[in-house]
Amino acid sequence: MTVCPDPADEVVELVSALIRFDTSNTGEPETTKGEAECARWVAAQLEEAGYETEYLESGAPGRGNVFTRLKGSDPSRGALLIHGHLDVVPAEASEWSVHPFSGAITDGYVWGRGAVDMKDMVGMMIAVARHLARAGITPPRDLVFAFLADEEAGGKYGAHWLVENRPDLFAGVTEAIGEVGGFSLTVPRRDGGERRLYLIETAEKGLCWMRLRAHGRAGHGSMINDDNAVTILTEAVARLGRHRFPLVLTEAVEQFLAAVAEETGHAIDVDSPDLEGMIEKLGPIARIVNATLRDTATPTMLQAGYKANVIPATAEAVLDCRVLPGRQAAFEAEVDALIGPDVTREWITNLPPVQTSFDGDLVEAMNAALLACDPDARTVPYMLSGGTDAKAFAQLGIRCFGFTPLRLPPDLDFSALFHGVDERVPVDALEFGTRVLHHFLTHC
């Protein structure tokens, strides 16, 4: 009889190997590399275990995506999509303690760009998929494993291209799990102990990149010019950058704050004028939570002029806007009032918010899987301030959750690791997450 090892036994090496593929996504197809090589390696790992895979590239060469489907025991049930992206943001090696593409395993961590965003989940997906095939396990429903390109630049050559051009890959899929959820947050309990809350992403803000453009009168830099495009633009950008949009409490945020208050015994007054200050006491997770209380418009890029003594006729800026569910029209009206009539705006990217309710059989299966591996677990919903490939899949009517289970050390500043220097994931968190994912996929 073939003995099938614990899928957690190989996950650390899989994640390390994935990190060693430099899949840096610069946002420009001509300088983005590595996705195809990594995708073909992923396909080989799955094929070795007996899967039939499909490798797909979008219109841009080298933007590799891999799909495979494991048939479930009940064809009448909707399929579950398990998705992870292979690309990462660039990293400057001189700033790191280890080389960002070394995949070093040291001090109880796997180090490197993508360790938490999101080659940790990709490694867990491969480990569990291989185990299911080797052990001859038939899951209760079809499982569609998707390994995707280009998430870090909005998914144009990955999830969105696939949804538009290959909707057949998602036939029968009703629910999905992906990144930035399922990780633990340790909070003090009212009885003096601690409680691990596992944050399940049920919503995420809209991702809207906006270009502002101002036109003025070109001229010599030494002369008076009261129609300077640079001045007009920068004043509008400053108004937007300093503006505080109104506080809006969504269902996911309210449920999260209520759970924290219940566990800690410290009420969080949602009507307090210092709600952000109260949330800051939760520690580093406040970076995400406070960003989900309001819309934001963050200036990130400026471009104007070509010579020091020439006043340019145009000036442009780009802002990273994140908009809460149901707020798009109000947000745009507020922006227009702030920038004024002399500045025009256009959307470079405009991906809507995603949200679902924290209930149903899939949520119960997540909770059961976590409790099976951590009896002290409590699952709570939360909203992600960023965006994921769920924005593409939600267009197909798929119900999307963030569920990449990790039991983290209480003192680890997890949110700072995303796109940060010395990105790393604990070895025992990877092994824990793999066991949780295995339990979940065999009981969902």
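Colleague: Let's start with a loop: between which two strands does Asp-107 lie?
Modeller: Bear in mind that this is a predicted model. Asp-107 sits in a loop, with strand β4 covering 105–106. The two strands around that loop are β4 and β5.

Colleague: And what is the phi of Asp-107?
Modeller: Most residues other than glycine have a negative phi. Asp-107 isn't a glycine, yet its phi is positive. The value is about 55°.

Colleague: Which residue does a cis peptide bond join to Asp-117?
Modeller: Most peptide bonds are trans. Here omega is about -10°, and the bond is cis. The partner sits in the loop between β5 (109–111) and α3. That partner of Asp-117 is Met-118.

Colleague: Moving on to helices, are α2 and α3 roughly parallel or roughly antiparallel?
Modeller: Helix α2 spans residues 35–48 and helix α3 spans residues 119–134, with axes 9 Å apart. Their packing angle is about 25°, and angles under 35 degrees count as roughly parallel. So α2 and α3 are roughly parallel.

Colleague: How many charged residues does the contact of α2 with α3 have?
Modeller: On the α2 side, the contact uses Trp-41, Val-42, Gln-45, Leu-46 and Glu-48. From α3 come Ile-126, Ala-129, Arg-130 and Arg-134. Sorted by class, there are 5 nonpolar residues and 1 polar, and the charged ones number 3.

Colleague: How is α1 oriented to α2, roughly parallel or roughly antiparallel?
Modeller: Helix α1 takes in residues 8–19, and its axis comes within 10 Å of that of α2. The crossing angle is roughly 155°, and over 145 counts as roughly antiparallel. Therefore the orientation of α1 to α2 is roughly antiparallel.

Colleague: How many nonpolar residues are in the contact of α1 with α2?
Modeller: Leu-14, Ala-17 and Leu-18 of α1 touch Cys-38, Trp-41 and Val-42 of α2. There are no polar and no charged residues in this contact. The nonpolar count is 6.

Colleague: How far apart are the C-alpha centres of domain 1 and domain 2?
Modeller: The domain assignment gives 5–184 + 352–440 as domain 1 and 207–349 as domain 2. Their contact draws 18 residues from domain 1 and 20 residues from domain 2. The distance between the C-alpha centres is 30 Å.

Colleague: Which three residues of domain 1 supply 34% of the area it buries against domain 2?
Modeller: About 1,700 Å² is buried between the two domains, and carbon and sulfur atoms give 67% of that. On the domain 1 side, no other three residues supply as much as this trio. They are Arg-378, Met-383 and Ser-385.

Colleague: What percentage of residues 202–329 is strand?
Modeller: UniProt lists that stretch as "domain: Peptidase M20 dimerisation" in an unreviewed entry. Its end C-alpha atoms are 22 Å apart. Helix makes up 32% of it, and strand 28%.

Methods. Residues numbered from 1 in each chain as written. Predicted model: local features only at pLDDT ≥ 70, side-chain atom pairs only at ≥ 80, totals over all residues. Heavy atoms only, no water. UniProt positions renumbered as here; feature names shortened; annotations may be inferred. Helix = DSSP H or I, 4+ residues; strand = E, 2+ residues; numbered from the N terminus. Axes fitted to C-alpha atoms, helices over the stretch in contact; angles between N-to-C directions. Parallel < 35°, antiparallel > 145°, perpendicular 65-115°, else oblique. Contact = heavy atoms within 4.5 Å. Nonpolar A, V, L, I, M, F, W, Y, C, P; charged D, E, K, R; others polar. Domains from an automatic or database assignment. Buried area = accessible area lost by both parts, 1.4 Å probe.
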